[in-house]
Structure formats: structure tokens, C-alpha cells
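Trainee: I would like a close look at one part of this model, with its surroundings described as far as they help. Please start from the overall picture and then go to the detail.

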Amino acid sequence: SSRIVRSYIVIWFYFFALFCMLGFFIGILYANIVSKDYITSMGIFNDFFLNEYAQTDIGMAEYAWYIIRIRMMPVILLFALGCTRFRKGIVVAFLLWTGFSCGMIMTSAIMKMGIKGIVLCLLAMTPQFAFYIAGYVVLLWYLFSYPESKWNLTKTVCFLLLIALGIVLECYVNPVLMKMFLKTL
């Protein structure tokens, strides 16, 4: 019985990874074919913006509220849409969109900054992203495996703790790491 459950989990893990990678690939293609001119003209990866970010003092209280609002919006949307009969499609769409967004951002960073762009993107997700991924896996797994899986107190505590840790790390650790990296550019 536990062997079957493990096999089931592994299959769905590969299913989740497949949709994320498919979205990533589509994002790369889109960035290179459809929006290449737009990407090369946008300013988020230009030297002026990065220098301004490195020199700006961040008001932690305002920044924390901003991060909470930005990070909780997809959670609330997923919970709300997960209450519909389209929950499995919502999970697939979320994974595709997440992969697509990552593909677009990574391609944009490479087009504008080369290898430093990859490092910048990876550093921008450090260390909070591991906690966000783990929290979203709890939520997405529940939505995808419902009604076989039930939401309970353990899932609630685990999910909230992971998302909260991600937010705290994004607010207080990531800006320090980003500034250290940007000062070396």
C-alpha cells in the first residue's frame, strides 16, 4: 500500500515538473521570438535601475506589507479557484504560468546581462523560493488530489509556516544578498 502511494506521488511530481518545464520552454520561445524587441528595450535589467536598487534604503515595514500583498494574492486566487470543479485545470494553468514567467524572466536577464543575469535571477529567488515552492506544493498537491486528499490542520500549519518563512526571508535576507551582489557588478 505504501509502495503504491509512493509511486503515485512520484508520478504526480513528474507531472507537476513536466507542466512547469513546458511553461518554461514556452516562455523562452516567447521571449526570443515574439517579444525580443520589447525585452531589449525594457529597463528592469539595465545598469541604472540596478545601481539605484543597490543604493536605495528599503523601509522594511512598507516593504513587508508590499511583499505580503503580492505573495498572498496568488494564494487567495488559487484557494478560491480551487473550490471550483476546475481545480485540476487551475493547477495545470498555474504550473504552466509559473514556468512561462520564469522562462521569460531568465531569457530577459540573459539577453540584457549575459551570465550575470542568470546569477541575478537565481539570487533574487534566494533563500525564500525554497519555502514558497514547498508551500505551494502542499496547496497544489491538495487541489490536484482532491477529493482523495482532505485539507486538515497539519496542511494548514505547514502551508502557513512555509509561506510566512518565505515572506520573512524575502523581506529581511534577500535585500541584503541582492545589494551585496549588485555592488560587485
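What percentage of the contacts in the protein with a separation of 6 or more comes from residues 24 or more positions apart? After that, please look closely at the packing of α4 and α8.

Mentor: The model is predicted, so local features need pLDDT of at least 70 and side-chain atom pairs pLDDT 80 or more, while totals for chains, interfaces and linings use all residues. Residues are numbered from 1 along each chain as its sequence is written, and side-chain values use heavy atoms, without hydrogens or water.

The percentage is 85%, where contact means heavy atoms within 4.5 Å. The protein has nine helices and zero strands; these are DSSP runs numbered from the N terminus, with helices being H or I of at least four residues and strands E of at least two. Its C-alpha trace spans about 55 × 40 × 30 Å along the principal axes. Of the 185 residues, 34% are buried (under 20% relative accessible area with a 1.4 Å probe and protein chains only; exposed is over 50%, and partly exposed lies in between).

Now the pair itself. Helix α4, residues 60-82, packs against α8, residues 153-172, at an angle of about 145°, and the axes are 9 Å apart. Axes are lines fitted to C-alpha atoms over the stretch in contact, and the angle, from 0 to 180 degrees, is taken between N-to-C directions. The crossing is right-handed, that is, the near helix is turned clockwise from the far one by less than a right angle (anticlockwise would be left-handed). From α4 the contact includes Met-60, Tyr-63, Ile-67, Arg-71, Val-75 and Phe-79. On the α8 side, Phe-159, Ile-163, Ile-167, Glu-170, Cys-171 and Tyr-172 take part. By class the contact holds 13 nonpolar, no polar and two charged residues (nonpolar: Ala, Val, Leu, Ile, Met, Phe, Trp, Tyr, Cys, Pro; charged: Asp, Glu, Lys, Arg; polar: the others, Gly among them).

Both helices also feed the largest nonpolar core, to which α1 (2-34), α4, α5 (87-113), α7 (128-145) and α8 each give at least two residues. Such a core is a set of buried Ala, Val, Leu, Ile, Met, Phe, Trp, Tyr and Cys residues joined through side-chain atoms within 4.5 Å. Among the 25 residues of this core, Leu-78, Val-91, Tyr-136 and Leu-140 touch the most other members. The largest share, eight residues, comes from α7. Apart from neighbours within four places in sequence, Leu-140 is in contact with Phe-16, Leu-78, Val-91, Phe-94 and Leu-95. A second, separate core has twelve residues, including Phe-45, Ala-54, Leu-120 and Phe-181.

The loop between α7 and α8 is also worth a look. Pro-147 lies in this loop, and the peptide bond joining Tyr-146 to Pro-147 is cis, with omega about 10°. In general, most peptide bonds are trans. Ser-149 is in the loop between α7 and α8 as well. This serine is buried, at 11% relative accessible area. Not counting residues up to four places away in sequence, Ser-149 touches Tyr-142 and Lys-155. A cis bond also runs from Thr-126 to Pro-127, with omega near -10°; Pro-127 sits in the loop between α6 and α7.
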